[in-house]
Amino acid sequence: MIGYRQTLLVLAMAMTSVVTMAQNNTNSPYTRYGYGQLSDLGTGSSKAMGGIAYGVRDKYQVNFANPASYTSIDSLTFLFDGGIGLQNTNFSNGTLKRNAHNSSIDYIAMQFRVTKWLAMSAGLLPYSNVGYGMTDTRNNSTMQVSYAGEGGFHQLYGGLAVRPFTNLSVGANFSYFWGDITHSMAETFPSDASAMPFQRTMNMAMKSYKIDLGVQYTQHFGKKHAVTVGAVFSPGHNLNNNSAMQYVLGNSSTGYTSSTTDTLLTTGIPTSFGAGFTYTYNKQLTVGFDASIEKWGNVTYMNQNGALADQQRFSIGAELYPNPLGRNYLAHIRYRIGAFFKRPYYKIEGVRAAKEYGVTAGFGFPVWGNRSRVNVSAQYVRTKGSRAAFLDEQTIRLNIGITFNESWFFKSKVD
């Protein structure tokens, strides 16, 4: 009971810290477009394996990317998983270079079995992040135009999964989706004090829902071989959102006028599909592949059709668990590696803005009697602009997560 109360306290404190923490874990100018940088769903273990998740069934890890996986947990276990992220990014457009450091709380989630055939999960996840600032000099260096943005969206989810047959599981996540984004543009004239500066600020706030459906099927071949096939589907829909636009002409020196307009905009989230599989040998070696597509090209964004492009992602990954029965500590470390390729949904001047690819690696270190784990993963991500004028980015991301594995429902007997 003490462990139960401690876990709930940690969960409540973590959720509160995420809600109150400002989202500023990116400095990418690409986040000026759409909802910003979309978060990749996955825990620390998934991030180390290139992001594969749809076909992953691991009773020691929460896998909210496919809600059908929740039934993999046993009846005596409660899982609490949380992670933080650190990243360093170098930006370049061929002539200018810039560096930025960021940090964030990546996710928190819990999972447990309700009945023999029903399992549950809940948690708080980021959906997207906006954070950028840049300045352009025009009119023979007499005018400076600055752009800045911040904010993002979150999703608080609750999920259920059932196992109607031995090898088949189906599940669903139901999320409350909310957040706000602010974009601003300012024109100033450093060399002309009499010129009238101008600033435009747009704030967009949304509250809505999100549904994710998942299925997994596992087939065993003998005692040592197993293949799991998984798929996810999320229906798209329009979001309830409000937009406020503020215009300010002048400043305290020149005198100023301001005006604000409130507008109801049509904006949505896309229909998305994902599928993947994993092959497991003797519960020691796991290899897998995932593919997904998000139909952003069909989404109306701020009353505009075709403002965004479809996003695709392909991932491969592997995990080695040397010896589950070994007494050596090194035999219980999980070694992970992976890679991915992604075509983000950003469009600039009517064309797809960039492509992205990366390599990943990480470890799962057992702690507290080999039940809980500290998961460490590193990612090298290269974002290549589709035109010479578009930015290139090189990012190194470090994720540190911890999975608490507690025996909640075990009844002790006293002789």
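Two strands pair if DSSP finds at least two bridges between them. Helices (H or I, at least four residues) and strands (E, at least two) are DSSP runs, numbered from the N terminus. This is a predicted model, in which local features need pLDDT of at least 70 and side-chain atom pairs count only at pLDDT 80 or more, whereas totals for chains, interfaces and linings use all residues. Residues are numbered from 1 along each chain as its sequence is written, and side-chain values use heavy atoms, with hydrogens and water left out.

**The whole protein**

Display the whole protein, which holds two helices and 22 strands. Of its 415 residues, 47% count as buried, where buried means under 20% relative accessible area, exposed over 50% and partly exposed in between (1.4 Å probe, protein chains only).

**Strands E1, E3, E4 and E5**

Select E4 (118-138) and E5 (143-165). These two strands pair in the antiparallel sense over 20 bridges; one point to find is Met-120, whose bridge partner in E5 is Leu-160. Next, add strand E3 (residues 97-113). E3 runs antiparallel to E4 and is joined to it by six bridges, and the two form a hairpin with four residues between them. Arg-113 has Ala-119 of E4 as its bridge partner. Strand E1 (residues 37-38) also pairs with E4, in the antiparallel sense and over two bridges; here Leu-38 is partnered with Ser-128.

Within E3, select Ser-104. Ser-104 counts as buried because its relative accessibility is 12%. Its side chain makes a polar contact with the side chain of Asp-106 at 3.0 Å. A polar contact is a pair of N or O atoms within 3.5 Å; within protein, one must be able to donate a hydrogen and the other to accept it, and residues adjacent in sequence count only if both atoms are side-chain atoms.

**Phe-177 and the largest core**

Move to Phe-177 in strand E6 (residues 168-188). Is this residue, Phe-177, buried or exposed? Phe-177 counts as buried because its relative accessibility is 0%. Leaving aside residues up to four places away in sequence, it touches ten residues, among them Tyr-127, Phe-153, Met-206 and Leu-239; contact means heavy atoms within 4.5 Å. Leu-239 is 62 residues from Phe-177 along the chain, yet their C-alpha atoms are separated by 9.3 Å.

Now select Tyr-30, Tyr-35, Tyr-127, Phe-153, Met-204, Trp-296 and Tyr-345, which touch the most other members of the 29-residue largest nonpolar core. Such a core is a set of buried Ala, Val, Leu, Ile, Met, Phe, Trp, Tyr and Cys residues joined through side-chain atoms within 4.5 Å. E5 gives the most to this core, with four residues. A second, separate core of eleven residues includes Val-62, Phe-64, Tyr-70 and Tyr-157.

**Strand E16 and its partners**

Select strand E16 (residues 311-320), which is largely enclosed by the rest of the structure because seven of its ten residues are buried. Antiparallel to E16 runs strand E13 (residues 285-294), joined to it by ten bridges; Leu-285 has Leu-320 of E16 as its bridge partner. Nine bridges join E16 to strand E17 (residues 334-343), also in an antiparallel arrangement, and Gly-317 is partnered with Gly-338 of E17.
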